[in-house]
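Visitor: I have a model open and would like to learn how to read it. Could you take me through it?

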Amino acid sequence: MPEAHDRPAESFTLKLRRYDPESGNAPYWDEHTVELEPHRSVLEGILQAKDRFDGSIGVRCSCRQAICGSCGIRVNGEPALACHTHLDAAKLGAKDGVIEIEPMGNMPVLKDLIVDMDAVHWKKIQRVTPWLLAKQPVPEREYLVSKESMVDVTQTMACIQCGACVSDCLAMEVDPGFIGPAALAKAYRFVGDPRDDEQLERLTDLAEDPQGIFDCTHCFKCVEACPKGVNPMGQIMRLRRIAIGDHHIVDQNNGERHEAAFVTLVKDNGLLHEAELLPRSYGGNSWFGKFAPPAGKELLSSLPVVIKGVLRGKINPKIALFGHKLAKPDLNAVQAIYEKIESRPERYELNLYIVGEDETPEPVAASPEGSNA
Amino acid sequence: MKVAYWPGCVSRGFTPELHGSMHKVAQLLDIELVQLDRACCTGAGVIAEHNQELADTLNARTFALAQQVEGAAMMMNICSTCQGAQSECQERLDANAEYRAHVNSTLASEGLTYEKGLTNKNFLWLLVEEIGLDTLRARVRRPLTNLKVGPFYGCYIVRPRDRLGIDAEHPRDHYLDQVIAALGGTVIEYAGMRKCCGFPIITMNKEASLKQAGRHLGDAIDADADCLVTPCPLCHLNLDLQQPLAAGVVGRQLNMPVLHLPQLVGLALGLDPGELGLSRHVVKPTSVIDWSTSVVAAAA
């Protein structure tokens, strides 16, 4: 088979989601068949349809080389840059060979494939004070910072503001006020910058906001959506880690209490004691947490669920009261690991974005016969 | 086949019917489960959020214990969240020899070492890739004819694709569909099938969490599903245990039974609904139980 760029033009059928809010008509689907070489982009397909069949198709684009962030859309239900998606690849992922093209989600449609980025995306970016609040006094010459810390923030600086992560954020889908993946990744860009003077203030603000860092559901959607490898969810987890681990911020959203309770319960039992997790997340990280007023209120509202669970045999009262535990020698080993690692003066983190994978991967060590592959 | 079996915490805590049904189904599929009783919680992403090295070391310990199980072909789990949390740690451990040696130095006091390249599969993956859909089909004794099953994948077992080894040859994000079809059931597609159940934020934003669960259940009802099936016990908690509260949040009646994957497989392999713990769910899987007893009666 010849290389993709040598192959002659083929037919590709595009199914476009059309909508003009000003018309008063409901959205509808519109199909056009274009002729292009398979390595051409979905954007070129849309532009050919607009040029040859219907000049009223609304689409936004500029650079056509995946750097301006203008042409975010959904292709076959997944967020993508139209200019960065090959027609042949899109056809492979299409149902019945018809490439489905829609505007991005979580933002109002202005016309067809054009969404209102100002109303959602840019408002959220503004929310996180997206500029450096420099340490004073500003040095006469340049700031001196470690190479590693700057490489670290370049991951979030790679964002091209296309809105693909915002489009598919599952937390925003049910809670539109969530600050969201793009803006929180932008927040990390300054929280992680050693020249910034307001790390504590920024993190306190984002932890205390009910729609801030603890509103993320950890669903990996933004990680998959991002065409630039920004890893927004990973940056949100790092914001949490610095807020709790370095600044000991105890937020009103149970974020810190939940994490502390989880980590402690596994340390004390080796396994998760689920029935203790809920009251401690509300009432504080100790056995007495359940008697604190916020925990009592929450337990009361969950009582019907708990009773039903116990009656059905789903929740075993013994496990609910006492949890399950590892045997003593193993629990001791787990606790020794906790103690060794938590007593380090600094957290030790492997950031694959900075160090990359081993250039010469080790051969898989010869394992005893019949052992794991 | 023999596997080092990691059941996770929730399958032995708040969803005991999952662990129980896995044992019964394993016998019928000739899977020998060697349970990793010495291993600890994976951290479900929360310990990694707190301290990455701690999560990596605790999971490396589990991997090392799995590698000690003589004759085991691989490690198997029955919890998507465990799979996701373990895969994340394994990605770092396998990517960098220096880091692996650093983590192994902590395990040395117990005489354990993690060797790069463990194979760790969720039961869903093992079912399709190791046992095979043909074998599974051949063992069906009670095909799920006319049962409309909505797959609920959740997040940790379908994203991120690279880390989880999902590609054209391994369409792991479609395996639930393939299993339902192999068991003779009808696959129901609906909007929420690969979305978040909401469980991770249940203590941080309860309303948003239950809205997620409620919407997916509502979508499945609108698509005419009889029941859902999930490979994740945490999704099960939000979709089943919390369903009465989720119904209140989205303001509609739900009443959608949610099965664990081994329960659905067990039904098709001829096991009794009672043996599979179906009566333990908060939302009684009446549609499923009625269906299986009527089929059993018809066959008799």
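Guide: Let's go from chain B to its contact with chain A, then to the core.
Guide: This is a predicted model, where local features need pLDDT of at least 70, side-chain atom pairs count only at pLDDT 80 or more, and totals for chains, interfaces and linings use all residues. Residues are numbered from 1 along each chain as its sequence is written, with chains lettered from A and ligands numbered from 1 in the order in which they are written.

Visitor: What does the radius of gyration of chain B agree with?
Guide: Taken over C-alpha atoms, it is set against a globule rule of 2.2 Å times the number of residues to the power 0.38. For 300 residues a compact globule would be near 19 Å, and chain B has 19 Å, so the two agree. Along the principal axes, its C-alpha atoms fill a box of roughly 60 × 45 × 35 Å.

Visitor: How many residues does each chain give to the contact?
Guide: Two residues are in contact if their C-beta atoms, placed from the backbone, lie within 7 Å. Chain B gives 65 residues and chain A gives 70. Helix 3 of chain B supplies the largest share of chain B's side, 7 residues; helices here are DSSP runs of H or I, at least four residues, numbered from the N terminus.

Visitor: Which residues does Leu239(A) touch?
Guide: Leaving aside neighbours within four places in sequence, Leu239(A) is in contact with several residues, including Leu184(A), Tyr188(A) and Ile213(A).

How values were computed: Helix = DSSP H or I, 4+ residues; strand = E, 2+ residues; numbered from the N terminus.
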